[in-house]
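Biologist: Got a minute to go through this model with me? I'd like to hear the reasoning behind the labels.

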Amino acid sequence: MLQFFVRRLIVALLVAATVMTLAFVLTRLSGDLAISIAGPNATQADVDAVRRAYGLDRPLLVQFFDWVGRALTGDLGQSYFFKTPVSALIAERMPVTLTLGLTGLVIALAVSLPLGILAAVRENTAIDRLVQVVALLGQAMPSFWLGLLLMIVFGLQLGWLPISGTGSWDNYVMPGVVLAFSAIPALTRLTRAGMIQSMASDYIRTARAKGLSRASILLKHALRNAAIPVVAITAVQLGFMLGGSIVIEQVFALHGVGFLAWESIGKNDFPVVQAVVLVLAVIYVALTMLADLMNAVLDPRLRAS
Amino acid sequence: MTALLEIEQLQVSFGSTAAVRGASLSVARGETHCLVGESGCGKSVTALSVMNLLAPNARRSAKRLAFEGQDLLGLSDSGMANLRGNAMAMIFQEPMTSLNPAYTVGSQMTEVLRRHKRASQRAATDRAADLLARVGITAPGLRLGQFPHQLSGGLRQRVMIAMALMCEPRLLIADEPTTALDVTVQAQILRLLSRLQRDLGLGMLLITHDLGIVARVAHRVSVMYAGEVVESAPTAELFANPRHPYTQGLLRCVPVPGRIKRDEPLGSIPGTVPRIAPGFAGCAFRERCAFADESCSSAIPRHRPSAAHDFLCRLPA
Amino acid sequence: MSIATASRGARRGERRSPRRGWRSASTWIGAAIVAIAAFCAVFAPLLMPHDPFAQDLGKRLLVPFWMEGSDPEHLLGTDQLGRDYLSRLIYGCRISMLIGVTVSVVSGVIGITLGVLGGFFGGRVDDAVLFAITTRLSIPVVLVALAVVGLLGSSMTLLVATLGLLLWDRFAVVARSTTMQVRNLDFVAAAWCAGCSRFRILLHEVLPNIASHLVVVATLEIALAILLEAALSFLGLGVPPPLPSWGLMIAEAKDYMFFSPWVIVIPGVALFVLVLGINLFGDGLRDSFGARSDP
Ligand SMILES: Nc1ncnc2c1ncn2[C@@H]1O[C@H](COP(=O)(O)OP(=O)(O)OP(=O)(O)O)[C@@H](O)[C@H]1O
Ligand code: SF4
Ligand SMILES: [Mg+2]
């Protein structure tokens, strides 16, 4: 068990290192950064000045190891545009993105778990098919478009919810719903499949033979085992949601990390871009490790081995 | 006095296959009734019908299905759930998978008592520990805190037995409780079951493939073939005087109970149990029967050579 | 000592559902949508009633046919620059299909190669492939694609290359697991014994046997690529204007959506229906192949 987690940790660190390299390479793809930073009207002297000021005149490898070395101490560099430390920028924006992601996750779970359980219990009935249709529709829904539609209907026509901003909780309802949509199909399907599998298992027959109540059979005995793969996917989905929130932050003008990255791409502010890529990747890796841990809690067989 | 369990003319079908076709049997209080027959002849389905644990695609009907005189056919789901695990309990063939891997032995055992007897957690734990000791598990306190995967198959089956006994049931249905276990463990579990049956005065419906077991523990035997009970008799009578050709085939190598040779293949009757299509008439064994003739294709009478013995065959009593 | 235990009957939980009817209906609906989209994509130049790029500022934001005051010349109305919406929609279909298919070819080549190698050779090779998949999954796709396009400037080729390089993970996962199964089958072992080269075995024994699974993945990936392209174009970093990508159409019409909701409803519905159709079709294929597309 411990050995398993040590190995997972090593892989995680390797993944982070690889992503760092990729993020660095990515931002150097466009050729001479100094030219793009200096802007279209810059003279050669301006460009040279920029190059020296940002250390871009040094060999690439030196720049790379400088970045890695600083990143390890939590220093992700300076933003060219905001002229502030990138880590401070990200820390400032992260609460918005995390709030959005968690709202989306809670909504997604609140919808998918009951739907998945219902579909499993009513397997092969009209209800089951309806749930599967809902999952299919959710899978095909372009999130940014759904966001716009919700804005028209609930923001403008009904006037129930604010169209943009980050001031209060109701700013997060529509974006959260939209974000949840992307995770609902996978979560619902997995819950359904897991419940069907565990409902057909011998221990459920035992639970019924013991005369337990329906609620206890479903929620205590079946769901507990069906939840194991769902937990893993939930963590992965949260990671995807944080990564995908860039689109939704833009639609709803939520100034989170995704919005920051989008702005920075437009401004060639590459330290910010590479840092956001890295931070999101690290969060994802951490989430998958958390999922493994939670699986170990849920599945005693894993705990022992 | 009415029997503990009465099954009359039980019919169970899955879609167009008839799994049980008019089977009748009864279990008296304190009696061990063995149900034998080849694989697929409907033994498990019969047992599950009693507990109302059939798969959702099963259709069950019967002339009478009663437990302690109480009709089970018309009983509501919740009424049935109140009996299950309480007055009647069941143990299964698959000890490896019949316990929930996510919960401790203790939690799975105590929840039955808490559900049916509203017992406190303390009392339930004490009873669980008592029963574990009773089924021959040493260090019951330790086992209660363990998860199923930490136990061997034999131990898990003992746990299943102990769990079935939590609420002091009057009827215990055991569906091939030893098939999945090692031979030495099989004997232990069987001895345990028959001792418990005697000590607690349980009525037991024991399903098995193993005629050696039957000879040692059964008071009464019913032989099933293709969804019907083809012969039923007290054990000694059945072994001494089998009347149905199928029973005779099964017993060919077992002359007298108690003188059974180990490891001798039994019942090597050529052929397999047929799948019965709707509208089938006559004796289902006729394809494999040495005595079969045309009259075996029409309605077959049930003979009663003695009050306690009956069989289903055209051959005279 | 026991009665012959010849055939264990059907066990609980093995019953298969009779939902063929609903399944095949949805598959046919999906197939029809895909066929129509493919037809529009191929014959776009012939089907478009107007030049999708021709602006006519005198005819801005004309309403579609189901609304009061529509112009029969422009069935689906016009956009904010007076361009015919139906023509742009048809051309957009071509772009979506083109990107969906090419991206999944690129990602398919990468993913299948990695997956088959890992699944076939196992050991170190497989470790490396698994590591690549893990790394790929940790990379935020939309962000990286945006960054690449943002830094290098938008073009169709770059978009396809970027998405292709980012979306191979599912191909790799499925190719890997199915290859592992096939590798252990008798006929592959027989080919080993017959002294066939590894390359030959991969090409002639393994690939044909995992192909059906990969086709199902391909449909899912086409749908995903279409959605991603639309999202990127919506953010202004996908298909370069004035090409009428559906995502770009939605982005351009966004400022008018509160007064003329249909300007975003029309391309959005088109996108939704196309992706739904591809998914329905893919699900149908999966059922008929009895294949798994999830790891
Ligand atoms: N859920 C089900 N769906 C369809 N058919 C079933 C189902 N359960 C049992 N059957 C059929 O009912 C018949 C009787 O099965 P049953 O399990 O009672 O046999 P058995 O006598 O217990 O055999 P075994 O010794 O193998 O346990 C079999 O032919 C089987 O195919
Ligand atoms: S009825 Fe006929 S076929 Fe059936 S057991 Fe008797 S003799 Fe044999
Ligand atoms: Mg059975």
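Biologist: What makes A:E263 and A:R93 a salt bridge?

Modeller: This is a predicted model, so take the distance as computed: the closest N and O atoms of A:E263 and A:R93 are 3.3 Å apart. The cut-off is within 4 Å between a side-chain nitrogen of Lys or Arg and a carboxyl oxygen of Asp or Glu, so the pair A:E263 and A:R93 counts.

Biologist: And which parts does that pair tie together?

Modeller: A:E263 sits in helix α11 (residues 257–266) of chain A and A:R93 in helix α5 of chain A, so the link joins parts that are 170 residues apart in sequence. Over all chains, the rule gives 25 salt bridges.

Biologist: How many of them cross from chain A to chain C?

Modeller: The rule finds 0 salt bridges across that interface. Still, 51 residues of chain A are in contact with 46 residues of chain C. The area buried between chain A and chain C is about 4,300 Å², and carbon and sulfur atoms give 78% of that.

Biologist: Back to α5(A). Why are α5(A) and α12(A) called oblique?

Modeller: Helix α5 (residues 86–121) of chain A packs on helix α12 (residues 270–298) of chain A at an angle of about 55°, and their axes are 10 Å apart. Roughly parallel needs an angle under 35 degrees, and roughly perpendicular runs from 65 to 115. The angle of about 55° fits neither range, so α5(A) and α12(A) are oblique to each other. Their crossing is right-handed.

Biologist: What makes the contact of α5(A) with α12(A) nonpolar?

Modeller: Its residues by class: 10 nonpolar, no polar and no charged. On the α5(A) side you have A:V86, A:L89, A:I90 and A:M94, which meet α12(A) residues including A:P271, A:V272 and A:I283.

Biologist: How do you know that α8(A) is roughly antiparallel to α10(A)?

Modeller: Helix α8 (residues 173–199) of chain A and helix α10 (residues 214–251) of chain A pack at an angle of about 155°, their axes being 8 Å apart. Anything over 145 degrees counts as roughly antiparallel, so α8(A) and α10(A) get that label. The contact of α8(A) with α10(A) has 19 nonpolar, 8 polar and no charged residues. Their crossing is right-handed.

Biologist: Last one: how many helices and strands are there in chain A?

Modeller: Chain A has 13 helices and 0 strands. Its C-alpha atoms fill a box of roughly 85 × 55 × 30 Å along the principal axes.

Notes
Residues are numbered from 1 along each chain as its sequence is written. Chains are lettered from A and ligands numbered from 1 in the order in which they are written. This is a predicted model: local features need pLDDT of at least 70, side-chain atom pairs count only at pLDDT 80 or more; totals for chains, interfaces and linings use all residues. Side-chain values use heavy atoms; hydrogens and water are left out. Axes are lines fitted to C-alpha atoms, for helices over the stretch in contact, and angles run from 0 to 180 degrees between N-to-C directions. Helices (H or I, at least four residues) and strands (E, at least two) are DSSP runs, numbered from the N terminus. A crossing is left-handed if the near helix is turned anticlockwise from the far one by less than a right angle, and right-handed if clockwise. Contact means heavy atoms within 4.5 Å. Ala, Val, Leu, Ile, Met, Phe, Trp, Tyr, Cys and Pro count as nonpolar, Asp, Glu, Lys and Arg as charged, and the others, Gly among them, as polar. Buried area is the accessible area (1.4 Å probe) that two parts lose on being put together, summed over both.
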